[in-house]
Amino acid sequence: MDWIRDTFGITTAAQGKVIASIVAVVVLVLTRWLVLRAIQQRFEEAGVGYRARKAATYTATVLGMAILAWIWIDAFDDLPTFLGLVSAGVAIALADVLKNLVGWMYILSRRPFRVGDRIELDGTKGDVVDVRLFRFSVMEVGNWVDADQSTGRLIHIPNGMLFTTQVANYTEGFEYIWFEIPVLITFESDRRAARSIMEQALRDHAPDVERAAGSSIRETARNYHIKIGALTPIVYLSVQDSGVLLTCRFLVNVRQQRGVAQGIWSAILDEFDRNPSIELAYPTVRTFFSGPVAITRDPDTAE
């Protein structure tokens with residue numbers, strides 16, 4: 001090995017470390033290959049092979065780093081120094097894992113949500129169905145499905161995301177949210193009759209939140225310093241380009257939006273059908289002429 005020392009200026013001690021490092025890497029690579037080959041011959045499932053490759057890669061990487069550190073770091077003679085270096089390396093390599101672990105502790109201690117709550121995080125909305133050490137799972141709602149009903153997809157979210165994005169909890173404290181149904185009628189319609197019909201539909205079909213959960217809602221409002229006004233349904237009026245907009249606003253259970261909205265819509269449309277003075281509006285263009293309008297015909301098309 002004199003030529004190595006002469007060419008690269010490497011001492012005898014360093015030569016031994018280089019050779020030991022090469023041998024260690026070759027042994028680890030060969031061992032990993034043999035293990036994976038044995039697993040492939042014994043198991044034909046693609047999932048088993050994938051998990052085996054992942055596990056073998058992680059194991060070989062960790063062992064390789066430990067062996068190379070043992071070979072090259074003279075700080076092994078100083079145990080505190082070595083442990084400090086290892087701790088720093090582990091913290092960098094496993095930053096995401098540690099963040100997910102801290103996120104799990106945050107979920108258990110601060111309770112931003114519990115299993116069963118409906119939440120929205122980074123555009124994903126769903127009901128929390130499981131909380132584990134490194135991630136939590138939600139049954140997705142909304143997305144391509146209307147009225148926040150379930151899509152059937154189970155989404156797994158790393159716990160660490162709690163520290164990088166906002167979390168909206170639909171059911172913390174009380175399971176009611178404000179819901180609105182906009183109804184656009186023409187300018188010529190009887191807006192007073194339309195408003196009366198919509199108010200009656202709300203009385204008949206909107207949940208009686210004041211009686212069912214008024215006390216719990218106000219208790220939650222005091223705990224979080226939330227200003228809660230009237231809990232009764234109301235109809236607001238505004239003017240749009242194509243007509244008069246009447247908006248039903250009411251509280252509804254977060255998981256009953258579609259059923260309640262359907263009942264209110266059915267009652268409103270049935271009453272509108274019975275009242276000829278009310279017509280639903282849609283985007284229209286109106287043209288007004290002032291003075292006499294001359295109508296000419298093209299001689300080539302005249303009969």
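These are my notebook entries on what I looked up in this predicted model.

**Entry 1: the whole chain**

I began with the overall make-up, and I noted that the protein chain holds eight helices and eight strands. Of its 303 residues, 30% are buried. I then looked up the accessible surface, which comes to about 20,500 Å², with 58% of that area belonging to carbon and sulfur atoms. For the contacts with a separation of 6 or more, I wrote down that 63% are between residues 24 or more positions apart.

**Entry 2: salt bridges**

How many salt bridges does a search of the whole structure find? I recorded nine of them, and I followed up several in detail.

I took the pair Arg 118 and Asp 127 to start with, whose side chains meet in a salt bridge with an N to O distance of 2.8 Å. I checked the surroundings of this pair, and both Arg 118 and Asp 127 are buried. I also found that Arg 118 and Asp 127 belong to a network of salt bridges in which Arg 255 is linked as well.

My next pair was Glu 140 and Arg 153, where the salt bridge has an N to O distance of 2.6 Å. This pair links distant parts of the chain, since Glu 140 lies in strand β3 (residues 135–141) and Arg 153 in strand β4 (residues 150–158), with their positions 13 residues apart in sequence. Are the two partners buried or partly exposed? I noted that Glu 140 counts as buried because its relative accessibility is 4%, under the 20% cut-off. Arg 153, in turn, counts as partly exposed because its relative accessibility is 39%, which lies between the cut-offs of 20% and 50%.

I then turned to Arg 195 and Glu 199, which form a salt bridge whose closest N and O atoms are 3.7 Å apart. Where do these two residues sit with respect to each other? Both are in helix α6 (residues 191–205), and because they are four residues apart there, about one helical turn separates them. I looked up their exposure too: Arg 195 is partly exposed, with a relative accessible area of 30%, and Glu 199 is partly exposed at 30% relative accessibility.

**Entry 3: helix α6 against helix α8**

I stayed with α6 and looked at how it passes helix α8 (residues 257–274). I kept in mind that two packed helices are described by the angle between their axes and by the distance between the axes. Here the axes of α6 and α8 come within 9 Å and cross at roughly 145°. The residues making the contact include Ala 194, Ile 197 and Met 198 of α6, and Val 260, Gly 263 and Ile 264 of α8. I noted the handedness as well, and α6 passes α8 in a right-handed crossing.

**Entry 4: helix α2 and a nonpolar patch**

Which residues make the nonpolar surface patch of about 350 Å²? I listed Val 18, Ile 22, Val 26 and Trp 72, and I saw that helix α2 (residues 12–42) gives the largest share of the patch, three residues. One of the patch residues, Val 18, is placed in helix α2 and is partly exposed, with a relative accessible area of 32%.

I compared this with Ser 21, which is also found in helix α2 but is buried, because its relative accessible area of 9% is under 20%. Leaving out residues up to four places away in sequence, I found that Ser 21 touches Leu 68, Ile 71 and Trp 72.

**Entry 5: two positive phi angles**

Before this step I reminded myself that most residues other than glycine have a negative phi. Asp 122, although not a glycine, has a positive phi of about 55°. I located Asp 122 in the loop between β1 (118–121) and β2 (124–131), and I recorded it as exposed because its relative accessible area is 53%, over the 50% cut-off. Asn 143 also has a positive phi, near 55°, and its place is in the loop between β3 and β4. Asn 143 is exposed, with a relative accessible area of 56%.

**Entry 6: Ser 238**

I ended with Ser 238, which lies in strand β7 (residues 234–240) and is partly exposed, with a relative accessible area of 27%. Apart from neighbours within four places in sequence, Ser 238 is in contact with Val 244 and Leu 245. I also looked up its distance from Leu 184: the two are 54 residues apart in sequence, and their C-alpha atoms are 9.5 Å apart in space.

Key. Residues numbered from 1 in each chain as written. Predicted model: local features only at pLDDT ≥ 70, side-chain atom pairs only at ≥ 80, totals over all residues. Heavy atoms only, no water. Buried < 20%, exposed > 50% of the residue type's maximum accessible area, 1.4 Å probe, protein only. Contact = heavy atoms within 4.5 Å. Salt bridge = Lys/Arg side-chain N within 4 Å of Asp/Glu carboxyl O. Patch = residues over 30% accessible without salt bridge, like charges linked within 9 Å, V, L, I, M, F, W, Y side chains within 5 Å. Areas by Shrake-Rupley, 256 points an atom, 1.4 Å probe, with all protein chains shown as cover. Axes fitted to C-alpha atoms, helices over the stretch in contact; angles between N-to-C directions. Left-handed = near helix turned anticlockwise from the far one by under 90°.
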